[in-house]
Amino acid sequence: MRHAVYYAPAAGSLLHRLGSSWLGRDAVSGESVSQPPVEGLRDVTQEPARYGFHATLKAPFVLNQDMKRIELGDAVALVAAQMDVVTIPKIALREIDGFLALVPEGAESELSALEQLCVCGLDSFRAPASEAEIALRRNARLNPRQDELLLRWGYPYVLDEFRFHMTLTRKLLNEERRHFLHAATEHFAPAIGAPLEIDALTIFADSPFLQKFEVEERFLLRRADRLKVAS
């Protein structure tokens, strides 16, 4: 079994409903949901649907044999308690390296700080990546810095290579891009251009049998206004 720490919108929220519908799968309930009637959508969302609608903060890892799952929950709760809610001024739809994703416009430094705390603060729970995992990652033609990060942290797109994003498709062919960009723009119209609160860390987990990630626990980030003492 692998675990991961993601941002995922709260169950029942607008973005959760839009993302689950687009991917055809709700990672909270684990159930399939109806997708919009877009030709070819099932094919291009099959891979991201396995992971559920999310943004990666600590990529999937096998739990270190010296650690227990309950200890991971305690550690994620501690990280959440140290970080304030991050407000993204607005969400945009973009193409990243050939796939479509929802990305932030603004708050990049705050999101990077949150990601760094998750990557570094939780790394003792990660078993070292196997040679097969490293070889698979290297198939993506990593640059030297990404390869260095892969060997140190088990994932190449961390720290200075991190980009907060919520994946919507696999890598698209040239002839597919306009079609799915139009469809995604229409589907996510209620969220595009709107602000978004990154208000929680969520532990996802998969199993060798299901090969799909589902939500296990969600931990709220702290709100600075709660810490103010009345004068």
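# A guided tour of pockets, helices and salt bridges

Begin with the largest pocket, in which about 1600 Å³ of space lies. As you look at it, keep in mind that this is a predicted model. Of the 43 residues that line this pocket, select the ones closest to its centre, which are F99, R137, Y155, Y157 and H165. Next, colour the elements that give two or more residues to the lining, namely strand 1 (2-7), helix 2 (41-51), strand 2 (55-62), helix 4 (108-121), helix 5 (131-138) and helix 6. Which element gives the most to this lining? It is strand 2, with eight residues. If you colour the lining of the largest pocket by class, you will find 23 nonpolar, eight polar and twelve charged residues.

Now move to the second largest pocket, which has a volume of about 250 Å³. To display its lining, select L23, G24, R25, S32, V33, Q35, R42, T45, Q46, A49, R50 and K212. Helix 2, which also gives residues to the lining of the largest pocket, supplies the largest share of the lining here, with five residues. Sorted by class, the lining of the second largest pocket holds three nonpolar, five polar and four charged residues.

From the pockets, turn to the cavities, of which the structure holds one of 30 Å³ or more. About 50 Å³ of space lies in the largest cavity, and you can find it by selecting the residues that line it: A8, P9, H16, S20, R25, A27, V28, G52, F53, F204 and V215. R25 deserves a second look, since this residue lines the largest cavity and is also on the list for the second largest pocket. The lining of the largest cavity divides into seven nonpolar residues, three polar ones and one charged one.

The next stop is a pair of strands. Select strand 4 (residues 90-96) together with strand 5 (residues 99-105), which run antiparallel and are joined by seven bridges. At I96, look across to strand 5, where the bridge partner of this residue is F99, a residue you have already met among those closest to the centre of the largest pocket. The hairpin of these strands has two residues between them, and in it D97 takes a positive phi near 50°.

Go on to helix 6 (residues 144-153). Where do its buried residues lie when you look down the axis of the helix? Select Q146, D147, L149, L150 and W153, which are buried in helix 6; seen down the axis, the buried residues fall within an arc of 160°, so they line one face of the helix. Then rotate to the face turned away from this buried side, which carries the exposed residues P144 and L151.

Stay with helix 6 and show the side chains of R145 and E148, which form a salt bridge whose closest N and O atoms are 3.2 Å apart. Both residues lie in this helix, three residues apart, which is about one turn. R145 is partly exposed, with a relative accessible area of 29%, and E148 also counts as partly exposed, at 47% relative accessibility. R145 has a further partner to add to your selection, for D160 forms a salt bridge with this arginine, with the closest N and O atoms 2.6 Å apart. D160 lies in the loop between helix 6 and strand 6 (166-167) while R145 lies in helix 6, so the pair ties together parts that are 15 residues apart in sequence.

These pairs belong to a count of 19 salt bridges in the model. As a general point, side chains of opposite charge can pair when their charged atoms come close. For another example, select D123 and R126, whose side chains meet in a salt bridge with an N to O distance of 2.8 Å. Are these two residues buried or exposed? D123 counts as buried, at 11% relative accessibility, and R126 is buried as well, with a relative accessible area of 14%. Extend the selection to K58 and R152, and you will have the network of salt bridges that links K58, D123, R126 and R152.

For the last stop, select H187, which has its place in helix 7 (residues 174-187). H187 is buried, with a relative accessible area of 16%. Finally, add D199 and draw a line between the C-alpha atoms: H187 and D199 are twelve residues apart in sequence and 23 Å apart in space.

Conventions
Residues are numbered from 1 along each chain as its sequence is written. This is a predicted model: local features need pLDDT of at least 70, side-chain atom pairs count only at pLDDT 80 or more; totals for chains, interfaces and linings use all residues. Side-chain values use heavy atoms; hydrogens and water are left out. On a 1 Å grid over the protein atoms alone, a cavity is a set of points where a 1.4 Å probe fits but cannot get out, and a pocket is an open set with protein on both sides within 12 Å along at least five of seven lines; lining residues have an atom within 4 Å of a point. Grid points are joined across faces, edges and corners, and a volume is the space filled by probe spheres set on the points. Ala, Val, Leu, Ile, Met, Phe, Trp, Tyr, Cys and Pro count as nonpolar, Asp, Glu, Lys and Arg as charged, and the others, Gly among them, as polar. A salt bridge is a side-chain nitrogen of Lys or Arg within 4 Å of a carboxyl oxygen of Asp or Glu. Buried means under 20% relative accessible area, exposed over 50%, partly exposed in between (1.4 Å probe, protein chains only). Helices (H or I, at least four residues) and strands (E, at least two) are DSSP runs, numbered from the N terminus. Two strands pair if DSSP finds at least two bridges between them. The arc is that of the directions from the helix axis to the C-beta atoms.
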